Amino acid sequence: MFWDLVGTVFSGLGAAGVAFFLRALSRKRLPVWLVPVFAGVGMMAYQIYGEYTWFDHKQSLLPAGSVVLETHDVKLPWRPWSYLFPQTLEFTVLDQANLRRIEQDDQQIVEMVIYRFERRTYDRVEIEPQLLNCLTGDLVPLTEQGQPRLELATRIELDSRLAQLTCR
C-alpha cells in the first residue's frame with residue numbers, strides 16, 4: 001500500500017512535469033490549468049495500471065505447483081472502464097504440489113490447501129485446508145488443528161476442475 005502511494009505521487013509529479021515542459025515549449029501559450037490536469041490523469045493512469053496488473057503480478061509470485069482454480073472478474077460503477085475491461089479482484093489457488101492422498105476404507109481422500117486472494121485497499125489471503133473424498137465428492141473444511149468440520153461439508157461435482165486436479 002505504501003509503495004502504491006509513492007508510485008501514485010511520482011506518476012502525478014512526472015505527468016505534471018510533462019505539462020510544465022509543454023508549457024515551456026509553447027512559450028507559456030498553453031493554459032496553466034494543464035499542469036494539475038496532467039497530474040490527475042497521470043495518477044489515475046497509474047492506479048488503473050495497478051488494478052489491471054495486480055492479478056498477473058500475484059500469479060507470477062505463486063510457487064511452482066500452484067494452480068489457479070477460478071477468478072472473479074468485477075464491473076464497478078465507480079470504475080466505468082471496468083465495464084469494457086472487467087478487473088480480476090479475487091482468485092482461488094490450489095496448492096497442487098503439497099497434496100496428501102489418504103487411502104481409507106476403500107476411498108481416496110485428498111488433503112489440500114486452497115488459497116483465496118482478494119484485492120481491497122490491502123491484499124487479503126485466506127488459507128483454507130480441506131479434505132476431498134474422491135468417491136463421493138464431499139468437500140470438508142478443516143480447523144486450524146486439522147479436525148474436519150463436518151457441519152460445513154459441501155458436495156462438489158466429480159467432473160469439476162478441483163476434483164480433476166486432485167483426484168487421479
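Contact here means heavy atoms within 4.5 Å. Keep that in mind, because I will use this meaning of contact in a moment. One more thing up front: this is a predicted model.

Let's start with Leu162. Which residues is Leu162 in contact with, leaving aside its neighbours within four places in sequence? There are Leu69 and Leu94, then Met112 and Ile114, and finally Leu139 and Ile156.

Now step back to the core. The largest nonpolar core has 14 residues. Within this core, Leu162 is one of the residues that touch the most other members. Leu94, Met112, Leu139 and Ile156 are also in that group. Which elements give two or more residues to this core? Strand β1, residues 66-74, is one. Strand β4, residues 107-119, is another. Helix α3, residues 161-166, completes the list.

There is another core, apart from that one. This other core has seven residues. Trp54, Phe55, Leu62 and Val93 are among them.

Next, the aromatic rings. How many aromatic pairs does the count come to? Four. I'll show two.

Take Phe2 and Trp3. Their pair is edge-to-face. The ring centres are 5.0 Å apart, and the planes sit at 70 degrees. Are Phe2 and Trp3 buried or exposed? Both are exposed.

Now look at Phe91 and Phe117. This pair is stacked. Centre to centre, the distance is 4.8 Å, with 10 degrees between the planes. Phe91 lies in strand β2, residues 87-95, and Phe117 in strand β4, so the pair ties together parts 26 residues apart in sequence. Both Phe91 and Phe117 are buried.

These two rings also belong to a cluster. Ring pairs link Phe91 and Phe117 with Trp54 and Phe55. You met Trp54 and Phe55 a minute ago, in the core of seven residues.

Last topic: the disulfide. A disulfide is a covalent bond between the sulfur atoms of two cysteines. How many does the structure hold? One. Cys134 is joined to Cys167, and the S to S distance is 1.9 Å. The link of Cys134 and Cys167 is left-handed, with -80 degrees about the S-S bond.

Where do the two cysteines sit? Cys134 is in the loop between β5, residues 123-133, and β6, residues 138-141. Cys167 is in the segment after α3. They are 33 residues apart, so the pair links distant parts of the chain.

And why does Cys134 count as buried? Its relative accessible area is 14%, and buried means under 20%.

Note on methods:
Residues are numbered from 1 along each chain as its sequence is written. This is a predicted model: local features need pLDDT of at least 70, side-chain atom pairs count only at pLDDT 80 or more; totals for chains, interfaces and linings use all residues. Side-chain values use heavy atoms; hydrogens and water are left out. A nonpolar core is a set of buried Ala, Val, Leu, Ile, Met, Phe, Trp, Tyr and Cys residues joined through side-chain atoms within 4.5 Å. Buried means under 20% relative accessible area, exposed over 50%, partly exposed in between (1.4 Å probe, protein chains only). Helices (H or I, at least four residues) and strands (E, at least two) are DSSP runs, numbered from the N terminus. A disulfide is a pair of cysteine sulfur atoms within 2.5 Å. Rings of Phe, Tyr and Trp (its six-membered ring) pair if their centres lie within 6.5 Å; planes under 30 degrees apart count as stacked, over 60 as edge-to-face and the rest as tilted.
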